[in-house]
Amino acid sequence: MDLDLVLELDSPVGLLRLIAPARPSLARVSLTWHDDADGSLAAQGLVLEEQRRGRVVQWRLLRTRPEPGGRWLPGQPAEVVREAATAEPLAHDAGPLLVVGRMAATRREVTADGMRAVLLDGVLSAGGQEVPVVRLRLRGPAVAAVARALARSRRAR
């Protein structure tokens, strides 16, 4: 089970300590989201994500809304349609790419008892505006229990 939570935090690092006492790994990450020049990816509910972590570049084609007739639940992460670790973008048909948003963040990851927590803490830029963002992704058998504990602590909404 995967779950994204919207958080109200004084300290993102303190949140990870609630999940696992282990020291998190730390990395700088840059995410850039692209659409085709004619808007065809967005029209299909897709976005091309470029993730840079150090020298590693990962491209992923993400589904950002449900297919016709599909369901999309609150907090549901984008579905990965395709991905590749390469300096070149994934093949696409509509020509040049346009940047639709960026995020520069610190990525902290901790794993304990089969539970994996990845916390991105950074600044999201889109449409000429910037806002601070904290994104927590939980994976593992205890996701529901951790989410309930976070909700009880009033750290998530």
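Glu67 is partly exposed, with 45% relative accessibility; on this scale buried means under 20% relative accessible area, exposed over 50%, and partly exposed in between, using a 1.4 Å probe and protein chains only. Its salt-bridge partner is Arg63, and the closest N and O atoms sit 3.9 Å apart. Arg63 has just 13% relative accessibility, so it counts as buried. A salt bridge here is a side-chain nitrogen of Lys or Arg within 4 Å of a carboxyl oxygen of Asp or Glu.

Before going on, a word on where these values come from. This is a predicted model, where local features need pLDDT of at least 70, side-chain atom pairs count only at pLDDT 80 or more, and totals for chains, interfaces and linings use all residues. Residues are numbered from 1 along each chain as its sequence is written, and side-chain values use heavy atoms, leaving out hydrogens and water.

Now for the strands, which are DSSP runs of E with at least two residues, numbered from the N terminus. Arg108 pairs with Asp121 in a salt bridge whose closest N and O atoms are 4.0 Å apart. That contact links distant parts of the chain, with Arg108 in strand S6 (residues 97-112) and Asp121 in strand S7 (residues 115-126), 13 residues apart. Arg108 is buried at 15% relative accessible area, while Asp121 is partly exposed at 26%.

Next up is Glu109, whose side chain meets that of Arg116 in a salt bridge at 2.9 Å, N to O. Arg116 is partly exposed, with a relative accessible area of 29%. Add Arg107 and you have a network of salt bridges linking Arg107, Glu109 and Arg116. Overall, the structure holds six salt bridges.

Notes. Helices (H or I, at least four residues) and strands (E, at least two) are DSSP runs, numbered from the N terminus.
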